[in-house]
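Visitor: Please pick one part of this structure and show it to me up close. Then tell me what lies beyond it.

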Amino acid sequence: MKKIYFKITYAVCLMTMLSFISCTKSYLDIKPIGSVSVAILANKTGVNKVLIGAYATLETNHSNNVGYGDGYWVGYGPFYSDIASHEAIWGFQYEPNTNSFERHDGQPSYKVFAYHWVNFYYGVQAANDVLRVLAAVPTDQLTAAEALQIKAEATFLRALHHFRLKKTFGNVPYIDETITANNCNVSNATSIWPKIEADFKFAADNLDETKADVGRANKWAAKAFLAEVYMQQGKYSDALPLLTSCITNGVTQKGLKYALVANYPDILNFRKEANSEQVFAIQFTFDGTSVAAPNGNWEYAVIQPVTPPNQGGGGGFCSFDMVNAFKTDAVTGLPMFDTYNDVNMTNDQGLGLNDPFTPYAGTVDPRLDFTVVRRGIPYFDWGLYNVNWAYDQPETGPYSWKKFSFNKADLAAVQANWVAVSPINVPLIRFADILLRAAECLVETGGSLSTAEGYVNQVRQRAANQSAWVKTYVNNSSPALGFTNTPAANYFISPYTGQFTANGATYARKAIRFERRLELALESKRFFDLQRWDAGSGSMATELNRILDHSRSFMTIYKGIYPNMVGAKFTKGKNEVFPIPQSQIDLSMVEGKPVLVQNPGY
Amino acid sequence: MKMHQIILGDKRSWIKKLRIMKLTVILLFGSMVAMSATTYSQTAKLNISSKNAALIDVFRNIEDQSEFYFYFNKEDLKTKEAVTVEMKDAQINDVLDQVLAKTGLEYKIIDRYVVVKEKGSDEPVITMQVARKITGKVTDTTGGALPGVTVAIKGTTTGVITDNNGNYSLSNVPDNAVLVFSFVGLKNQEIPVGGKSVINVSMAEEALGIEEVVVTGYSTQRKKDITGAVAVVDVQSMKAMPSGSGVVALQGQASGVNIISSGAPGAASQIYIRGIGNFGNVAPLVLIDGVGGNLEDISANEIESLQVLKDAGSAAIYGVRGSNGVIIVTTKKGKTGAPTVSYDAYAGLQLPFSGNPLNMANTEEYIKLFKSAIPYHGFDNGIPDYMYRSGSGAAAWAMAGDPAVDPAKYKYDPITLGTNYIIAKVNKQGTNWYQEIFKPAVTSNQDLTVSGGTEKAKYLLSLGYLDQKGTLIETYLKRYSFKVNTEYNVGKHIRIGENLYIIRKAGNGYTNTSESNAVSNAMLINPLFPVYDISGKQFAGAYSYPITTMLAYGSNPVANQKLTNNNYDHSLQLTGNIYAEISFLKHFVARTSMGLSLGNSEGSGFAYNRYFDAQSFAVPNNLTLSMGNSWSYLFTNTLKYENTFGDHKLSVLAGSEANEGMSKSVYGYRQNFLVSDADYLLLQNGSIDGIQNGSGKSHGTLFSLFGRADYSYLDKYLLALTIRRDGSSSFGPKSRYGYFPSVSVGWRLSGESFLKNISWLNDLKIRASYGQAGNASNVNPNNAYSVFGTGVGKSYYDIAGSNNSSTQGFYASQLGNDLTSWEKDIITNFGLDGTILNNKIEFSAEYYKKSIEGLLFDQQLLATAGGAAAPKVNIGDIQNNGLDISVTYRDKFSKDLSFNITANITSYNNKVVSIPGQAGYFDTGALRGVGNVVRNQVGHPVGAFFGYKVIGIFKDAAAVAAAPAQLDKRPGVFQYDDTDGKPGITAADRVFMGSPNPDYTYGVNIGLNYKNFDFSTVFYGSQGNEIFNQTKFYTYFTSFFQCGLNRNLLNAWSPTNTGSDIPVLLSTASFSENTVPNSWFIEDGSFFKCRLITLGYTLPPSVLKKLTLQKLRVYLQAVNPFQITKYSGLDPEIPGSTSAFGIDVGNYPNNQRQFNAGISLSF
């Protein structure tokens, strides 16, 4: 008995001692799990991976706090550019935040603005992370040239996000790599244009002309953006030489000389997108991971028509005004600048599925049917458009969104979720844009109008390439059998023939602006074009209120259409930019005063 | 074979046999007590038939058939020859005369004792003279006989049970023995024999437990000496609630404790002790036999005692784990005595609500409502007969006879879905989706326990099986539990023991805290849809997505439940500890305990192809399998010193604790399975595309030192001090240690001379405590470090433009803060405890205030800081204060009738005092359509609802014109209150619309015993909590979800019904109706629930004796027999997260009626 007594006593004593021994420092030292420190990334491989992470912020679904499920659609895409400029009509009328783009009644408290703001600064800081990690890389790890390329690409990305912020929110703070969580309450009082210029200029000066990957920024992409930055400030003379040099010497990342591709639809065909027209694009991919398609193009998936079996979300429609703008003069083949709305194209609004319908027989720009889906016209190899492909045609009208769609035959190469998520890239600048910008700069700086007309005509002539036009089906009920050689509609487009010089700068300006609308329709350009052209004149308000009135005029013809637009109004001096998120202003308070100041009118 | 007379013989050979016989002994004694023994040697008749038997065997034979005891020296017997004897109905003398005739032995009979010895030798020195028979009667305080009382010799397993008249008789009791009288509910009595042969005992009811010793922090205390806020739960009343979960049974039983439960089987309940103290984890620490556990996994039946430590005085010794309060559970242990087998079981039927509890429109009403809202959207020909979707995807309604719905066209092929042609017949009456998904459900629970022990060793083994089906089809919980605990006394000073629980749980993981659950789907789906299509086998659903055809929305909830019935969440949890306790130097006790917890979980989620569903019928089916395991240990060592110096009592405890835990998980994902049979679903059977897998890991350590001192003087003046130092791996080296002190004092007023003579006052004590407890449970273990991470959906990018692959990148995933440290809760508590009126009334009241220093909160960073997750920092303060009151009244009106009632009430005021960042608030509670509905803001309660206040519905155009500017205003929509005085309704007009925090919650338990019947009932209520009823968004607004509509809309505002309080049906979302949170969604969520009515009957001892049972009780129960509430939804008791709760997104009700029959027996 005694023995057991002592045995247990000893055991208890030993264990008790053990417990104190275990109280060494290392007992409480546990390293973070599943992550790496800057020290581990501070080498060639590491810093390059951080750079890839910075590129990944171009896919806005990668940032924090943003989900597709909660009804807020955020991205570089259609929402605040194409819907807010009334080229497009928002299909899901129940989502108030998104509706506000159409109604111009967005409130600073709306989550959607905070999401955009957070997204873009997330991208800015991801670029700054590259610079900070780069600074920690020992010099023997990277050559000076390699380091410079990394630095220049990161600087380019930082400029790109700041540029988007500036255009969207007006007064925004500039955040470089010296700004961290400790000093991030930066004022938005000073214009950040000079900083954006400096960043793009640094990138343009230092980036190589060609790159190993098409997704990377090269010298010419930086120049093109720098030109755009100048133009957005009205500095056309600074922009022109950059654009001219892009036209004459610019090459893609892969060294292809910038040129328009022969066929207009190839621009947004994911099988052909690494072409000579791509200056810089967001690279989306179907990467075979799951139905969640984390790196696919979600933004445009939502707006595609609901072609069975569920290609799109059916959320994107087009305005009568934009569709009418594609009408061409039956004699000249030129746009009908001031008269396009006089007669509406015939459409099937209010008609039943089986009611007879004849598509519009007048002459139209062939780009119309790459931009828009309308009844009676083949929609790739999906079939003839019908009312059931719209989410809610009685409310949103007869024209569905087509750009950024794909062939049914390609369905296997995209990812099916509740919408089909495609790998189609979103070009931020393509060569046609550069040509039209160069033409615009020539007009604004008093340059050669005939050179400008030549640039515009390059774009129009490509559109006139009949081989790429939409053709009728061999058999309407079996679209897979292919197409005839007969154009699907009465397409007619001609180049300008000296009208620029003959009619002067005002005409040329109108023609160039109209051409941008047609060529770049639904590519998220329009809102910022109008913003640039406004320059305090109020022209943006005039134009958008005009389109709103036009849209509302259909309410008497088609019952139930455009319920969102009742009372919608664009306010001059306010709606040119969006409100700075209230949540950010609240967080910027110092002693009761916000460091971030709200935009006028909000 | 009774107490054997082995004093001179070889002991060992008998010991084994003795044990086996114990139960028999007790029963024998019980039946023999009435016999008189004075002439026993004459009356006892013996039948002996032995051939060539050893003497010892003859003696045993005699012992077996009589009450005689033989005393002899075994050595004497060894040399004797075998004997042969054949006698019938003989007396003992005759038998022994014959048997011993030739042996040279003689005998002597004293009463029933027979001493056998060599002729002429000295009588053996035996203790016979000091062993005696004791008889007596046990009565209650009123003099009534108490049957069934256990009378045992202390330190032995020997004992008897009193008969129907309360009499007992116990033989062979040593003179120095102590008799222990025990009976459930009565105070144990210990009486030394000391030469008496008749001991009559009057047993008093247990004095409401104030003498009771309860387990508190690392120690035990007499309840009367407690100076902290400790709620000692009446386990008897708690057990009345039939539930597999200790949490559910605890609801309403302890003041200061709020519990919100879902009705879903196995769903986690939320326990708040004294309100919500932070925005993250507010779950209290639950210690089951000293090891962290889950109260949900333990059935109320297994609980011996349960204490809730609420203030710093009691909980600060748990340091960083104590801030949310501590629940200390002690499970049943074996008791000294014969083995007892007990079996508890109940079975019941839960019934869903009848009729149309969601108040949904039927087909005819639906079409009427729909057409009035959206006249241009179809149904022009009235109610259609069919709906279909063709292989090409075209979907429409159709009338009978339409070739499109020719049944010959019907085709369903589970593999080539693209060729399906499905047709369903419209339900003209309207499908009552609620009734389709809720069906009566059977629940049963069984516990089998064997326990017993000696003074040296005690044991308890228990098996439990819970099989609970939910009324929501395909929901269930099956739990198998296995428990064993043992304790040995090694010598006088050492105790070693162990506790072990193994729990296996199987369920399908249904939760209802997210939108789009089965209940909300029953509101979102069209009444025209049938459950099945025309095949009768395949499900019907929303065949077409575009709204034009109105076949949109609504996920068939029957299909969702039935097609996921193979999904599961299984877990296996093994928890236990081994301990040793040594008493030494009279006053010291050292204890060491090593607790271990091993967990294993396994989940399977199969997302079937939704062939019937418009929005996702092309999504391939897919399977996710996940497995996880975890282990943790808790190594605790304490040393306690206890002594009394005259009137001074002192107890000091010091200890250390090391705690380490690690968990790991792994999952795999594949898609495109050929068939969906559960037996086929192995990952490798999916297609090669879309493979996903991943793993997770976490690891943390905590090391602590703590001490406690309790001092009392004259039993009147009480003082307790505790301190703890914790070190945690979650914090950086500079800030990882925290100190948590507390002090508490008590004054027993009733012990003072000026109160001693007040006869109605039995006990009165005031007490106060102040101290700190900590919290670190909301901190990510990586919190101190700034790190980068990688993720496909986060930092991968197709930099090469491949269109089919992406390149790995890294992103800043976490900002670190190595100064972040504990959250310290500063708790002040004042209490008053008393018992009055001859212990009939016991009450306890306390006031507390709890504020938090350095609330752990995500650092509020501007977006310009980047996207890395912000660290937790120590800023912010939430304060709670309130009252906890409990009162118990017990009385015994007569021998047959006793009554008790316990009521408790908990009030708390909760206020956010500071929130980091300059904004002073953060918004949360995002809901589809209306956005964030919760704002946590300084000066307001946690989880408060924030939005526009509705002051009415615009009656007409004149009212619209007269009102301030308001977006979308028109007749029939809400008029918002212009609260800021500035013109127009803007965001600045938003106000706090209500709080989901109740003003108070309360529980009432009533018990009534009449003769052998017992009756009990449990009430639980919550007052003053508001609910944001998001289900109104689903069913009242035709602009968003148009498929399920509430019948109340038939009375909506219209130009001819301008007085309605239901807004007009619109086709578009509107600021003035449903796109912003407004007070129309807010409802009073107060409720009063009768949780339980039980009627039981315990069989009387006379019957039990015949059945050879100790106890048998049968009972009938009605669970949730009624409830009183104004809330329009299914159940106002709604779980949620701590920063956003009280939001009804389609709640699995926790108030459905259930009827149980149960049995509880032991033998």
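Guide: We start with a pair of helices and then move outwards. This is a predicted model, in which local features need pLDDT of at least 70, side-chain atom pairs count only at pLDDT 80 or more, and totals for chains, interfaces and linings use all residues. Residues are numbered from 1 along each chain as its sequence is written, chains are lettered from A and ligands numbered from 1 in the order in which they are written, and side-chain values use heavy atoms, without hydrogens or water.

Find helix α8 (residues 144–169) and helix α9 (residues 193–206), both in chain A. Helices (H or I, at least four residues) and strands (E, at least two) are DSSP runs, numbered from the N terminus. α8(A) and α9(A) pack at an angle of about 150°, and their axes are 8 Å apart. (Axes are lines fitted to C-alpha atoms, here over the stretch in contact, with angles from 0 to 180 degrees between N-to-C directions.) So α8(A) is roughly antiparallel to α9(A), a label for angles over 145 degrees. Their crossing is left-handed: the near helix is turned anticlockwise from the far one by less than a right angle.

Which residues of α8(A) and α9(A) meet? From α8(A), they include L148(A), F156(A), L160(A) and F163(A). From α9(A), they include W193(A), I196(A), F200(A) and A203(A). Contact means heavy atoms within 4.5 Å.

Stay with F156(A). Leaving out residues up to four places away in sequence, F156(A) touches F200(A), A203(A), A217(A), A221(A), A222(A), F225(A) and F280(A).

F156(A) also belongs to the largest nonpolar core, which has 191 residues. Such a core is a set of buried Ala, Val, Leu, Ile, Met, Phe, Trp, Tyr and Cys residues joined through side-chain atoms within 4.5 Å. Buried means under 20% relative accessible area, exposed over 50%, partly exposed in between (1.4 Å probe, protein chains only). F156(A), F200(A), F280(A), I434(A) and F500(A) have the most contacts inside this core. Helix α7 (residues 111–136) of chain A gives the most to it, with 13 residues. Apart from it lies another core, of 100 residues, among them Y510(B) and A614(B).

Y510(B) leads us to Q561(B), one of whose contacts it is. Q561(B) sits in helix α12 (residues 557–563) of chain B and is buried, at 8% relative accessible area. Q561(B) also touches L472(B), I473(B), E474(B), T475(B) and A518(B), again without residues up to four places away. A518(B) is 43 residues from Q561(B) along the chain, yet their C-alpha atoms are separated by 7.5 Å.

Now the whole of chain B. It has 17 helices and 59 strands. Of its 1163 residues, 57% count as buried. Its C-alpha atoms fill a box of roughly 120 × 75 × 65 Å along the principal axes.

Three of its strands form an open sheet, in the order β55-β54-β58, with mixed pairing. Two strands pair if DSSP finds at least two bridges between them. β55 (1082–1084) and β58 (1143–1144) stand at the edges with a single partner each, so one side of each has no neighbour in the sheet. β54 (residues 1026–1029) runs parallel to β58(B), joined by 2 bridges. There F1028(B) stands opposite I1143(B).

Technical notes:
Parallel < 35°, antiparallel > 145°, perpendicular 65-115°, else oblique.
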